[in-house]
Amino acid sequence: MAWGRDGQAAVLPAAAPPPAAGPGLTRLEVLRRLDAGPRGLTDAEADGRLARYGENHLPESRTTRGLLRVARSLRDPFTMMLLVLGAVSAVVASWGTACVITVLVAVSCALRTTGEIRAERASAALRELVAGTATVRRRGRPDGPAATREVPVEQVVPGDVVCLGPGDLVPADVRLLGAAGLTVHQGMLTGESAPVAKHPVEVPVAVIPRQGGGQPPVPELSGFHHPHLCFQGSSVASGSATAVVVATGAATQFARGQAAGPRRRRPRAAPTAFDRSVDGISWILIRFMLLTPPLVLMANAAVRGRGLETLPFAVAVAVGMTPEMLPVIVTTALSRGSARLARESDVIVRRLPALHDAGAMDVLCVDKTGTLTQDRPIVDGAADPYGRPDPAVLRWAALNSWWTVHLAELPEPDPLDEALLGTDSAADDTGFDGVDALPFDPERRIATAVVSRPGAWARHILVTKGAAAEVLERCTRLRVPEPEECGASLPFPDAVPLDAATRADLLTRAAAHAEEGLRVLAVAVAERRAGGDAYTPEDERDLVFVGFVTFHDAVADTAADALGALSERGITVKVLTGDHPGTAVRICRSLGLGPDPGAAVTGRDIDALDDDALTKLARTTTVFARCTPAHKARVVTALRRAGHTTGFLGDGVNDLPALRAADVGMCPRGAVDVARETCDVVLASKDLTAIDRTVAEGRRSSGNVASYLRVTISSNLGNVIAMLVAGAILPFLPMLPAQVLVQNLLFDIAQLALAFDNPPDAALRRPLMLRPDRFLRFVTAYGSLNAAADIATFGVLWWATDGDDPFHAGWFTENLLTQALVITLLRTGRRAAEGRTPGPIRLATAGLAAIGLAVPITPLAPLLGMGTLPLRYYAALGVVLTAYATALALTRKRRQ
Ligand SMILES: Nc1ncnc2c1ncn2[C@@H]1O[C@H](COP(=O)(O)OP(=O)(O)OP(=O)(O)O)[C@@H](O)[C@H]1O
């Protein structure tokens, strides 16, 4: 579909359906143009259209993907640095250095690209498992009955009638046929953060603003504001709808927007833990690398009076500092971890860096319902305004459930409605006809059904149920109960005004129920004269309070154990719920959450706080209750601002903003579509034990990345210090550029083994987060030790050898041997792993040491500018290495 100047659909691609969504067309005309009907397409029609218009997905440019991938790997800052250094070497005709740098870049890009392809293939296969479906109305035969069914989103075709409910992703561009309380998030398309209301319009008018100078209207922006159209890329925030599909795949506004220009991105969230740690460290290293060549040049010029001839050496030293394998190690370690999680725990990681963040997580926020409780509420009782058991209250509540579920055509009832519909009272709804529904939404926290009695069409009855505070604040009167009045006399002639004191008493009673761990719904009704306009939330006022219904929802079987396990891993759990504070605190106490969950902070309290005050309060509070979706997101953001790496587990539309705000958003596979699409990690079920396993795998994977960074930077830093010292005191270059680079390549290859290491559980007890400041202290300490070992080796070489070639050979050997030691001694979980056989690490270090000892005695030695070494060098080197290993082990022990 495309928008013409007059707001009518305009130019279409060859395989697009007839223009059908333009303003001015009635619903019937739209259906006619699409050759469709409100009962949906037949299966044969749907198949035909699928063949004609193609699958409903965004077009991909496959040919450029391979090239793009290589370009992306070259765009990595370390690779860019290497390329710059290679260019400098070529300019000064240092062809050897330039060649070796090219090899380094090629190896690192090839490994990274193949790793990414493998990781992407694996995650695409995993994503298939959580792919979204759409609910469509279809018929087997033209005269057959219409039935709703789930089909993969790709199979939705123009003319399909789709049913939308809370949390659904809008599968294509659609024209609304019917809607109840529908609001959609279309921020992906327009940048708006709040949901917008949508409703069917019989004859829509053109609202497209014209630009000056006879320019055509701006279709992408203006079209999105039509109330009767919803677009692919948006999701249902509340309410429900039926709609006919007018454009799919490449013909949708979203796809056209992408084809026309850069993809409209969601506003960038605050940097995640991964950005702060791995990326933060990378940028510090890049600054070091930039400083290295001028430093080397200046030191040589000042002490030895050398000029630009030292440039290749200075470049080689800077290359030596580069952790060019970092992207390869990160991709390999994280994709191995996520593959293992999928295989062993049925957990799907949708964004690889999120696995690192799961390992770094120290605060986990969860919703209450379904996470700590089973989300299988059972009606416990119903009482009138005076606290006396009263089945009439239950009947009103069940009447509300029945008509909200049916009139709003919700794909499935929510568990509270299901519980009410399962009671005997649900059978008593026969005396009413449904008129309209304002389904539940987590902002209003109430749901209203509008019904009428047969024969009394002129009067409508509003039946509202919801959270006690929200219902009571809309009530002005109180029902004086009469037996069996549901279906009897209305309006309540005996209703009395509801004063502030009585309202407070009723709220206290609701709180008392909540403190027993029960969920509480308040029920109210009102009578109105039937009017022509559709009902809106504005009509939910002047209600007559009828009574309370209470529910029991048992705690989840695994919750207590899982909370214990998370606490042992150093993770603080906080509960962010839309439910009553009393219910939430009671459940948390029964699960032994925290030392004592204390009092809950409510959404209203949060509203009264500025960001700083909330940050302080969020640190110490365990339970946040009566939260709207926005409150949940504010608390998560506050915790992140307080320096916590914060995860969020939730499954409903009310959890979306918080899922987006968290470092790691997690949801179960059964969550609403948009939650699955938004979150980073999809669990098999809403079970906290799966989070424990995700955390362990995250720590294992990022432990390996941390090992690489610690090992490579400590060793490289030591080398740079030693080279600066040697460059200043020796009459020749301590190591030829080619040697520096060959040694670098060998070290890189050996370190790849770190991505395959398996640090044992005992090493993963605390959240694992590489903080740039601590990391710098760590590598400075170990880098200095490494430099000390190198300088001691210079002393040995000065004593045992003569001339530059044996010196080069001696330092080459020592370097590879110290690197093998560093890999062995500085990797994550070394102490906990003692006694185990870490296969890949042992192989890699043995190989590195063997090459270090062998190269100087092979025919390669003269080519690399190396001479023969006397035996006494090896003996003295043994002493230096033993002292170095002891110092390393002792320092590590002291620091741990
Ligand atoms: N179908 C419904 N009809 C009317 N009121 C409801 C319905 N579902 C929930 N409520 C009320 O709205 C409140 C908030 O619901 P919401 O779905 O935001 O959170 P929750 O399910 O209680 O908790 P959590 O945030 O832990 O999942 C509930 O505590 C209840 O009082």
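**Domains, ligand shell and a helix pair in a predicted model**

The unreviewed UniProt entry lists residues 78-111, 775-799, 811-829, 841-861 and 873-891 under "transmembrane region". The structure looked at here is a predicted model. Two of those listed spans make a handy pair to look at. Residues 78-111 are 91% helix and 0% strand, with end C-alpha atoms 15 Å apart. Residues 873-891, for their part, come out as 100% helix and 0% strand, and here the end C-alpha atoms lie 27 Å apart.

On the domain side, the assignment splits the chain three ways. Domain 1 takes 27-56 + 156-260, domain 2 is pieced together from 75-121 + 274-339 + 695-895, and domain 3 covers 390-548. Between the C-alpha centres of domain 1 and domain 2 there are 56 Å.

Next comes the ligand. Its surroundings add up to 20 residues, the closest being Asp 367, Ala 467, Thr 577, Gly 578 and Asp 579. Sorted by class, this shell holds 7 nonpolar, 6 polar and 7 charged residues. At least two shell residues apiece come from helix 14 (415-421), strand 13 (446-452) and strand 14 (459-466).

Then there is a helix pair. Helix 24 (residues 688-729) and helix 27 (residues 804-826) have axes that come within 9 Å and cross at roughly 145 degrees, and the crossing is right-handed. On the helix 24 side, the contact is made by Ser 707, Arg 710, Val 711, Ser 714, Ser 715 and Asn 719; helix 27 meets them with Asn 815, Thr 818, Gln 819, Val 822, Ile 823 and Leu 826. By class, that contact counts 4 nonpolar, 7 polar and 1 charged residues.

Definitions and conventions
Residues are numbered from 1 along each chain as its sequence is written. This is a predicted model: local features need pLDDT of at least 70, side-chain atom pairs count only at pLDDT 80 or more; totals for chains, interfaces and linings use all residues. Domain bounds come from an automatic or database domain assignment. UniProt positions are given in the numbering used here, feature names are shortened, and annotations may be inferred rather than shown by experiment. Helices (H or I, at least four residues) and strands (E, at least two) are DSSP runs, numbered from the N terminus. A residue is near a molecule or strand if its C-beta atom, placed from the backbone, lies within 6 Å of it. Ala, Val, Leu, Ile, Met, Phe, Trp, Tyr, Cys and Pro count as nonpolar, Asp, Glu, Lys and Arg as charged, and the others, Gly among them, as polar. Axes are lines fitted to C-alpha atoms, for helices over the stretch in contact, and angles run from 0 to 180 degrees between N-to-C directions. A crossing is left-handed if the near helix is turned anticlockwise from the far one by less than a right angle, and right-handed if clockwise. Two residues are in contact if their C-beta atoms, placed from the backbone, lie within 7 Å.
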